[in-house]
Amino acid sequence: MHEMSLAEGVLQIVEDAARASGDDAFLRVKTVFIEIGQLSSVEPDSMRFCFDAVTRGTLAEGAKLEVIEVPGEGLCFNCNKTVPLAALYDPCPACGGYPVQPTGGTEMRVKELEVE
Amino acid sequence: MCTTCGCAAGEARIEGENLHTHEDGTTHSHASNKSGMTYTAVAAGHSHSHRHADGSVHVHSHDHADTAVHDDDGAHAHDHEGAMHYGHGPAGAHAPGMTQSRMVQIERDILSKNDGYAAQNRARFDEQGIFALNLVSSPGSGKTTLLCRTIEALKSKLSIAVVEGDQQTSHDAERIRTTGVPALQINTGKGCHLDAFMVGAALQKLAPADDSLLLIENVGNLVCPAAFDLGEAHKVAILSVTEGEDKPLKYPDMFRAASLMLLNKIDLLPYVSFKLDLAIEYARRVNPELQVIQVSATTGEGFDAWLAWLEAGCAGRQTRKQETVASLKRRIAELEAQVSASVRG
C-alpha cells in the first residue's frame, strides 16, 4: 500500500538511531532488518524498491533491506484454536468457521541494523 | 530458502531445475543429486560463482568428501585457496569483514513516528472533549454530501469543524464552508492518505472549540488510510450501494480498522444489484464488532440513527472530559490541603 511512507518511516528510525548512537556512532548503514507481518498488507518487493529510492543521499544509501516475513496467525472464535492465517478475511483452516481474530503477523517493525 | 545450498531469499525458480539467484545477483545451479534431506557424497561436486563484498566474483568447484553432509538449511563452508569462507555471516549474507561492522538493536515499529503524533492529537482531543472521527471510503462514496447533510442537521446543537483531505484542490473544503462551519483543506500532493502530523498541523490552524465534533474526511482510498492513526476516536468507513458488496473482502484492512460502517445511497437500492445483506455479512466477517447504519445522504433516510450515534459519541467525550476535570480538581484540593497543613505544621 503506502510503502513509500513506510520506507520514509524506516529511514527516520535509522537516522534517529544514528543521532542517538553517541560515542559509538556509525557512519554508514549496510543492512536494515525489518519484520513485516503477512497480514500487514505491505509488499516486501515494493518496500525494497521504495527503500532504495528514499535512502539515496543518506547514511543508508545502498543499504540492503532484509525483510523478515512473519507468518500470519489467528485465534478462531468458532473452534477456539490458534491457527495459521494467510489473509485477514480467511476462514479458519481447522474448522472452516468465522471469524478468526489475527494474533500475529500484523507487525511492521525495524528490528536491527548492520552498521559500520 | 534454497534447500540445496541454504542461501536465503530472492530465489528464482524455473520448473524442473534447481536454478536460483542469490540476493547478491549471482545465479547458479546445483546438480540434482540429492537424496532425502542430505547430499550423498558420491559425485556430489558442484560449481558455483559468487560475489564477495569487495566486489570480486569467482567461480569454484568442489567435491564433497564421503562424510560431508549438507542439511537443508545449513550454510556450508568451503576452501578458497586455503581460506575458510562461511556463506552465512551474522547478517545472513556473504559478508566477509563482519568484524568491522556491527549490529544495532532497534525494535521500533515503523509507524511509531506517526503513532507519536497521533497520541499528541488524541491527548488534545481528550483535553478539549472533542469527538474526532476519521471518515474513510473510496472516492465517490458520497462522503462530502453526507458531511454537508450531517452538519446542517447538527450545527444548531453542536460546534463542528472539518478537516478535508484530498490529493489536490480545495473543492471539498469550499463545499463544507457553505454550510457555515470552519473547514480546512489538506492537500496531500503525492501522498495517498492523511497522517497524524498533517492533522496536528491542521488542528493548530483550525483550533476546534471545546466539546466540538471534528470530522476528518480522509483521502478517498480504501487502502492506505487504514494504517495511519490520526488520533481519532473512531474510523467510520462509508460504502455506497453503487459499489461492489464485496469491497469489505477486497479491502479488509479498512473495514477491520473501522468501528462503524455507513452504507450510503440506499435510496438507489431499487436500481442497482447491490446485495445489502451480503455486504454486511462480508464486513462482519472481517470485523465482527463493526456497527452498521444504512443511510441516504440525498434523502436523509436513516439519518436519525447516524445523528444519534454522533450525539452519543460527543456526549461520551464531554462526560469523560468533565470527569477528568473533576478528578483533577479533587487532586488539586487534596494537594492544597496538604500544603496548607504542612505550612501550619
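**A sheet shared by two chains**

In this predicted model, A:Val110 has B:Arg108 of strand β9(B) as its bridge partner. The two residues belong to a longer pairing, in which strand β6 of chain A (residues 108–115) and β9(B) run antiparallel and are joined over six bridges. This pairing is part of an open, mixed sheet of four strands, ordered β2(A)-β1(A)-β6(A)-β9(B). The edges are taken by β2 of chain A (64–70) and β9 of chain B (102–109); each has a single partner strand, so one side of each is left without a neighbour in the sheet. On average, neighbouring strands are turned by 20° against each other, direction ignored. Helix α2 of chain A (residues 44–54) lies across β1 (29–37) and β2 of chain A, and runs at about 155° to β2(A).

The sheet also contributes to the largest nonpolar core, which has 33 residues. Those with the most contacts inside this core are A:Val10, A:Phe26, A:Val29, A:Val32, A:Ile34, A:Val110 and A:Leu113. Two or more residues each come from α1 (3–20), β1, α2, β2 and β6 of chain A, and from β9 of chain B. Helix α1(A) gives the largest share, eight residues. A closer look at A:Leu113 is helpful here: leaving aside residues up to four places away in sequence, A:Leu113 touches A:Val14, A:Ala17, A:Phe26, A:Thr31 and A:Val32 as well as B:Arg102, B:Met103, B:Val104 and B:Ile106. Another core, of 30 residues, lies apart from the largest one and includes B:Leu146, B:Leu154, B:Val181 and B:Phe303.

B:Phe303 also opens helix α8 of chain B (residues 303–344). With 42 residues, this helix reaches 61 Å from its first C-alpha to its last, close to the 62 Å expected at 1.5 Å a residue. Among its buried residues are B:Trp306, B:Trp309, B:Arg317 and B:Lys321.

Charged pairs complete the picture, with 23 salt bridges found over all chains. A:Lys30 and A:Glu116 meet at 3.7 Å, N to O, linking strand β1 of chain A to the segment after β6 across 86 residues of sequence. A:Glu116 is partly exposed, at 27% relative accessible area. A second salt bridge, between A:Glu35 and A:Lys111 (4.0 Å, N to O), connects β1 with β6 of chain A, 76 residues apart. Here A:Glu35 is buried, at 16%, whereas A:Lys111 is partly exposed, at 24%. Both take part in a salt-bridge network with A:Arg109, B:Glu107 and B:Asp109. In chain B, B:Glu243 and B:Lys247 form a salt bridge with their closest N and O atoms 2.5 Å apart, and both residues are buried.

Methods:
Residues numbered from 1 in each chain as written. Chains lettered and ligands numbered in written order. Predicted model: local features only at pLDDT ≥ 70, side-chain atom pairs only at ≥ 80, totals over all residues. Heavy atoms only, no water. Pairing = 2+ DSSP bridges. Axes fitted to C-alpha atoms, helices over the stretch in contact; angles between N-to-C directions. Contact = heavy atoms within 4.5 Å. Expected span 1.5 Å × (residues − 1). Buried < 20%, exposed > 50% of the residue type's maximum accessible area, 1.4 Å probe, protein only. Core = buried A, V, L, I, M, F, W, Y, C linked by side-chain atoms within 4.5 Å. Salt bridge = Lys/Arg side-chain N within 4 Å of Asp/Glu carboxyl O.
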